[in-house]
Amino acid sequence: MLRGLTWGECEELLNSWEKSIRDNNVYGYGLSKMMNFQAPACRWLDDGFSFKGLVDKNTALHGLTIMGFPIISIDELPIHEDTKVVVVANDYPAISERLKAMGLQEKKNFIFINDYWTLWGFYRHRKIIYSHLISILLTDRCTLKCEFCGAKIPYLRVYEGDRDISKIEADLDLFFSRADWLTDLGFGGGEPLLYNDMPALLTLIGRKYRTKMYSCHITTNGTITPDEKVLQLAADHNIRFNISYYSGCGIGDGYEAKFERLKRTFDAYGIDYTVTSYPWIDFSLSQDESNELAALDSEEMSRRFRACNSGCSSLLDGFYYSCAVSCHEKKLGVISANDYTDGVDFNAIDPGNAADRKKLMATSLGYHSKPILKACETCSLMTGRKKFAPRGRQLKG
Ligand code: SF4
Ligand code: SF4
């Protein structure tokens, strides 16, 4: 995901890709990812989706075609001012360096597939595609009290409990009245499996929205096994689960047994799930460090924001936050209602207005009306002071 593009940069990007997309003059780079992840999206988006060719390192495939696209080696890629390459493979940083060494420029000559979906959807179909994860908060109740909770749940001053399902429906209705397709919708909390209206929510997703997104998932901490109704609805509507695994974090209370039971149950219902146990980051900074950051000149603050690739956005009360940390911090009161949080007020977008639609598409690509985010002042991620945190460590009491 690109981030922090000014409108001028964004227009340059849009103008340089529009003609190539229309003329089918774009190459893909990387084949296996194309087949695994992108192919279903291709089918949904357009049965005429096309690349001029696909670059792949497997010499045995050169000269063959796949999905009708000729497979070529990197040496056969034509290099000129208007070369356009979409990187489909996972190792974008390495491929990006290689393409730069060949004289190609990021954004102008090559971009990552997710950004390309957005461009392609707009220029081929006038559709608005948000090709990244958007998360929605269901509840601020949780079964755990993690000291380094990314959503800062244990530190909220006021707890709202479960969000009214009508508010979630209103947010999704608004979103899909402005945008046409979403790659991944995630439900989080707190612990979303505490959410009382989960059966109604899953029914709603299946009935109204599931066909408008590639993937829909719920992130859980592994302490709760849902009841039969929720499990069946999740299976029926192809809702994935992401289990954050906190083993060895001193949670106790039979955590391991609950986690194993949850996995067995998902297996029995044929529900797709992943288990994540990656290291946690301590996003917080000391007051002195925050003051130091707040005093930095705007160019340096802007550089940090633009360099950040956290890629997790949130939808809350009609507002799309391009950074989920911003959303959490506003809820927490760390940043005030007047501080700049970056994002889109969907209520202010006129879906019938061409300029509004173009700007909306651009926000999905990483256009921001201001290049500085208030939340970056209190976030360690891009400061060089990023610290790892003990995963799942519990607060006392
Ligand atoms: S399980 Fe821990 S990290 Fe997740 S929402 Fe609850 S307190 Fe936060
Ligand atoms: S607040 Fe943190 S996660 Fe969000 S854009 Fe700034 S540095 Fe990135």
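Two strands count as paired here if DSSP finds at least two bridges between them. Keep in mind throughout that this is a predicted model.

**View 1. The six-stranded sheet and its parallel S2–S4 pair.**
Here six strands make up an open sheet, lined up as S3-S4-S2-S1-S5-S6, and their pairing is mixed. Strand S3 (65–66) and strand S6 (110–112) are the edge strands, each with a single partner strand, so one side of each has no neighbour in the sheet. Inside the sheet, strand S2 (residues 53–55) runs parallel to strand S4 (residues 69–72), and two bridges join them. Looking for the residue pairs? Leu-54 has Ile-71 of S4 as its bridge partner, while Val-55 is matched with Ile-72 in S4.

**View 2. The S3–S4 hairpin.**
S4 also takes part in an antiparallel pairing, this time with S3, again through two bridges. One pair to pick out is Ile-66 with its bridge partner Phe-69 in S4. The two strands make a hairpin with two residues between them, and Met-67 in that turn has a positive phi of about 50 degrees. For background, most residues other than glycine have a negative phi.

**View 3. Helices H3 and H4 against the six-stranded sheet.**
The six-stranded open sheet, in the order S3-S4-S2-S1-S5-S6, is shown here with two of its helices. S3 and S6 stand at its edges. Helix H3 (residues 92–101) packs on this sheet and touches strand S1 (27–29), strand S5 (85–87) and S6. The direction of H3 makes about 155 degrees with that of S5. H4 lies across S5 and S6, and its direction is at about 100 degrees to S6.

**View 4. Where helices H1 and H4 cross.**
Helix H1 (residues 7–22) packs against helix H4 (residues 113–125) at an angle of about 65 degrees, and their axes are 10 Å apart. The crossing is right-handed. Which residues in H1 meet H4? They are Trp-17, Glu-18, Ile-21 and Arg-22, and on the H4 side they meet Leu-119, Trp-120, Tyr-123 and Arg-124. Sorted by class, this contact has five nonpolar and three charged residues, with no polar ones. Follow the chain on from H1 and you reach Asn-24, in the loop between H1 and S1. Asn-24 has a positive phi of about 55 degrees, even though it is not a glycine.

**View 5. Where domain 1 meets domain 2.**
The domain assignment splits the protein chain into domain 1 (7–125) and domain 2 (128–397). Their C-alpha centres are 29 Å apart. How many residues are in contact across the boundary? Ten from domain 1 and twelve from domain 2. On the domain 1 side, H1, helix H2 (32–45) and H4 each supply at least two of the touching residues. H4 gives the most, with six residues. By class, that side of domain 1 has six nonpolar, three polar and one charged residues.

**View 6. The eight-stranded sheet.**
A second view of strands shows an open sheet of eight, ordered S11-S10-S9-S8-S7-S13-S14-S15, with mixed pairing. Strand S11 (273–276) and strand S15 (343–345) sit at its edges; each has a single partner strand, so one side of each goes without a neighbour in the sheet. On average, and ignoring direction, neighbouring strands in this sheet are turned by 25 degrees against each other. Strand S7 (residues 129–137) pairs with S8 in the parallel sense over seven bridges. To find your place along that pair, look for Leu-133, which stands opposite Asp-184 in S8.

**View 7. The surroundings of ligand 1, with a cis peptide bond.**
Among the residues around ligand 1 are Cys-142, Cys-146 and Cys-149, along with Lys-145, Glu-191 and Asn-221. Gly-189 and Gly-190 belong to this group too. The whole shell has seven nonpolar, three polar and two charged residues. Is the peptide bond from Gly-189 to Gly-190 cis or trans? It is cis, with omega near 25 degrees. In general, most peptide bonds are trans. Gly-190 is placed in the loop between strand S8 (181–188) and helix H6 (198–209).

**View 8. The surroundings of ligand 2.**
Around ligand 2 you will find residues including Cys-308, Cys-323, Cys-376 and Cys-379. Arg-304, Phe-305, Ser-310 and Met-382 are also among them. Sorted by class, this shell has ten nonpolar, one polar and one charged residues.

Key. Residues numbered from 1 in each chain as written. Chains lettered and ligands numbered in written order. Predicted model: local features only at pLDDT ≥ 70, side-chain atom pairs only at ≥ 80, totals over all residues. Axes fitted to C-alpha atoms, helices over the stretch in contact; angles between N-to-C directions. Helix = DSSP H or I, 4+ residues; strand = E, 2+ residues; numbered from the N terminus. Left-handed = near helix turned anticlockwise from the far one by under 90°. Contact = placed C-beta atoms within 7 Å. Nonpolar A, V, L, I, M, F, W, Y, C, P; charged D, E, K, R; others polar. Near = placed C-beta within 6 Å. Domains from an automatic or database assignment.
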